Every structure is written in C-alpha cells, then in structure tokens.
Amino acid sequence: MGPTPEQLEAAEGQLLNSFFGLAGDPDSASAAAAADLALAELDALLDAVPGEATA
C-alpha cells in the first residue's frame, strides 16, 4: 500500500515551506538541511506509490 493523498500533500507542503525558508536565508545551513530532509521524505513517499516506474 502506498502513501495516502494526505501524506503526499503534507510532504509537499513541508517541502514548499522549507524552500521558502531557504529562499529567505540562502546561507542558512539549517534551512538547507530542512529542505534536503523534506525532499528526501517526499521522494521516499513517491517511491512507495504502487505501479509508478522510477527512472
């Protein structure tokens, strides 16, 4: 079973928020780490979508 639409939406929201934080302070190591983590979490959820091929 893959992620729910709510899980995907929440992960997308976290990614957008972290990117806005990084845009506000591009030299912030913590903002960059948060963006990396949010991207990794969304990527893992998308990898778990059944029937989707990944390249």
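The chain exposes about 4,000 Å², and carbon and sulfur atoms supply 60% of it. Accessible areas follow the Shrake-Rupley method with a 1.4 Å probe, and for residues only the protein chains shown count as cover.

This is a predicted model: local features need pLDDT of at least 70, side-chain atom pairs count only at pLDDT 80 or more, and totals for chains, interfaces and linings use all residues. Residues are numbered from 1 along each chain as its sequence is written, and side-chain values use heavy atoms, without hydrogens and water.

The chain has two helices and zero strands. These are DSSP runs, numbered from the N terminus (helices: H or I, at least four residues; strands: E, at least two). Buried residues (under 20% relative accessible area) make up 16% of the 55 residues.

| Property of the chain | Value |
|---|---|
| Radius of gyration, over C-alpha atoms | 13 Å |
| Radius for a compact globule of 55 residues (2.2 Å times the number of residues to the power 0.38) | near 10 Å |
| C-alpha trace along the principal axes | about 40 × 25 × 10 Å |

Helix α2 covers residues 29-47. Its 19 residues should span 27 Å at 1.5 Å a residue (times one less than the number of residues). The end C-alpha atoms are 27 Å apart, which agrees.

Ala31, Ala35, Ala38 and Leu42 of α2 are buried. Seen down the axis, the buried residues fall within an arc of 65° (directions from the axis to the C-beta atoms), so they line one face of the helix. They pack against α1 (5-24), with contact meaning heavy atoms within 4.5 Å. On the other side of α2, Ala29, Ser30, Asp36 and Leu37 are exposed (over 50%).

Key
Buried < 20%, exposed > 50% of the residue type's maximum accessible area, 1.4 Å probe, protein only.
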